[in-house]
Amino acid sequence: MAKDSKVRQEQQGVVLSFIPTGEYYFNKGINAYHRHDLKKAKKYLQRAMQLEPYEPMIACQLGLVCMQLDEFQQSNELFTQILDELDPSMTECHYFLANNYAELGLFHEAYKHANKYLELDPYGEFAEEAEDLIYVINTEETDLEDSLYMQDELIMKQEKARQLLESGNFQMAIKNLQELIEKYPDFWSAYNNLALGYFYLGEMEKAANVLKELLDKNPGNLHALCNLAVFLYHQHRDEELQELINGLEKIQPLLIEHQYKLGATFALLGNHQKAFYWLNKLKKQGFEGDASFYYWLSHVAYSTGHEQTSKSAWKQLLELSPEKEGTEPWNKNQQGDEGFENHVTSILNKLKSDYLEERLFGIFLISVSNRRQEIISHPDFKSLDEFTITEKIYLANVLDAGMKEQFDPDGIIGKGHGVATLLYEHHHPVYPQTTGLFHMWFSIFINGLKEGISFANQPAYAAAVDYVWNKIHHEKISQSEIAKLYHISPSTLQKYIKMIQQYSQ
């Protein structure tokens, strides 16, 4: 690693120019680690790795910190990167991988890496621990062959897809889930997640078809029925929804997972009495849920008059998600900043998406985020060298940098941003179910750029996208209403609807 800092002398006096290097942040990370401040250690080590991405010792230490934070997926990615790219001679990474996979219950992978470590370094520092781990696996697992390997692969791929969905990388999640279903056609949870991916992109017909296929193959699948209810709710298909709700109200699930799903679904649908019944029942049984569980329990408890339960659940929520403070259900002045625009991890992941429309959407979210500075200074914010020229110009527009005049003299990128801003005025905060609207616009924008479109009439483009989006979602809003909303004439709207349909994918 390089030296701690550089000293530069200038003619007018001595100016100390402190330029922190990877080693500087590595040492700070190690010090934080020794103080048992794991979160700060992770932050410093991530910054060190960003500055020195080819230094295996930094990656290894970061992997160990992630391991202790129970972030096993990220830890595994780091150890695998070391073995595949940085330094294959660091055989101890096989032992660390074995430990992580054992913690995840993926015993086939744990067994494989523990054996690999002993094969490469039979007298190594962790040889005895590796042998103990193999003994435990052999004791607990009698069959480590094909069936167990299949189970491990399913869990890992499903977890990866779930992370992609949660971070807003819907296109990549859909691709992974399609591959998973093709290989394992009876893996029902993949169908539900695939339907959610399409739903978040606004492709309602595809989402419904996936659920229909699932219910044909697995009738009575509760997750599919609940997801279908949420889809119908957002499409305002009230008669079909009520019929489905009548059926859901009669279900008495035994599994905790199903009780939670049913309670959360009723909460989303606004049926707070039923939601409180199921969520509070779980609480009385000693169920320790995630942040979403306490969030919904607090809200439905408050709305049904159970204020003490609501406050108790909110207290537990704040222990898991302290950033929720100020948005209590009894707080009439809550800021309502629950959208993607203030979800740092989602934006950082969008910027690294394989799809240009998602990356442009990520840059747009930076422009409307209350946490802009936190995002652009985050250790995971990708290097400017990784941005395409279009992205760089757009980022320059968002950050009001001088580069936009140099490379975008006609302001076309700025006009594309203007259309997105107009859409945001009528669709904010940005929730998962509205991200598809912005993906649609940026997809149209990219195709229009290729054709040399100037995007001069920004309100007309925004109105046309909004109308087509509403039509896809079966929203009953007329062209005249949309035209009035964006201060254009109905005839102009009709003209631009035809125009954007040429550039829709």
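1. Let's start with a term you'll need throughout: a residue is called buried when its relative accessible area is under 20%. Keep in mind, too, that this is a predicted model. With that in hand, look at helix α19, where the buried residues are E357, E358, R359, L360, F361, G362, I363, F364, L365, I366, S367 and V368. Put as a count, 12 of the 13 residues of α19 are buried, so the helix is mostly covered, given that buried means under 20%.

2. What covers α19? Its buried residues pack against α9, α18 (344–351), α20 (372–376), α21 (389–399), α23 (412–426) and α24 (435–450). As for length, α19 reaches 19 Å from its first C-alpha to its last, close to the 18 Å expected at 1.5 Å a residue.

3. Now zoom in on S367, which sits in helix α19 (residues 356–368). Is S367 buried or exposed? Its relative accessibility is 17%, and the cut-off is under 20%, so S367 counts as buried. Leaving out neighbours within four places in sequence, S367 touches R372, V398 and H417. Also have a look at L399: it is 32 residues from S367 along the chain, yet their C-alpha atoms are separated by 7.6 Å.

4. Helix α9 is one of the partners of α19, and you can check its length yourself. It covers residues 170–183, which makes 14 residues, and at 1.5 Å a residue it should span 20 Å. The end C-alpha atoms are indeed 20 Å apart, so the model agrees with the expectation. Along α9, the buried residues are F170, M172, A173, I174, L177, L180 and I181.

5. Next, the rings. How many aromatic pairs does a search of the whole structure find? The search gives 32. One of them is Y95 with F126, a stacked pair at 5.0 Å centre to centre, with 10° between the planes. This pair links distant parts of the chain: Y95 belongs to helix α5 (residues 92–104), while F126 lies in the loop between α6 (107–120) and α7 (127–140), 31 residues apart. Both Y95 and F126 are buried.

6. For another geometry, try F381 and F387. Their ring centres are 5.9 Å apart and their planes stand at 35°, so this pair is tilted. F381 and F387 are both buried as well. There is also an aromatic cluster made of F361, F364, Y394, Y424, F438 and F442; F361 and F364 are among the buried residues of α19.

7. A quick word on cysteines. A disulfide is a covalent bond between the sulfur atoms of two cysteines. The count for this model is 0 disulfides. C66 is buried, at a relative accessible area of 0%, and C226 is also buried, with 0% relative accessibility.

8. On the annotation side, an unreviewed UniProt entry places the feature "repeat: TPR" at residues 22–55, 91–124 and 188–221. In the model, residues 22–55 are 79% helix and 0% strand, with end C-alpha atoms 9 Å apart. Residues 188–221 also come out at 79% helix and 0% strand, and their end C-alpha atoms lie 8 Å apart.

9. Finally, how far to trust what you see. The mean pLDDT of the chain is 83, and 88% of its residues reach 70 or more. Over residues 2–18, however, the pLDDT is below 50, and the model gives this stretch 20 contacts beyond near neighbours in sequence. Residues 142–147 also stay under 50, with 7 contacts beyond four places in sequence. Where pLDDT is low, the predicted coordinates should not be read in detail.

Methods: Residues are numbered from 1 along each chain as its sequence is written. This is a predicted model: local features need pLDDT of at least 70, side-chain atom pairs count only at pLDDT 80 or more; totals for chains, interfaces and linings use all residues. Side-chain values use heavy atoms; hydrogens and water are left out. Helices (H or I, at least four residues) and strands (E, at least two) are DSSP runs, numbered from the N terminus. The expected span of a helix is 1.5 Å times one less than its number of residues. Buried means under 20% relative accessible area, exposed over 50%, partly exposed in between (1.4 Å probe, protein chains only). A disulfide is a pair of cysteine sulfur atoms within 2.5 Å. pLDDT is the predictor's confidence in each residue, from 0 to 100. Contact means heavy atoms within 4.5 Å. UniProt positions are given in the numbering used here, feature names are shortened, and annotations may be inferred rather than shown by experiment. Rings of Phe, Tyr and Trp (its six-membered ring) pair if their centres lie within 6.5 Å; planes under 30 degrees apart count as stacked, over 60 as edge-to-face and the rest as tilted.
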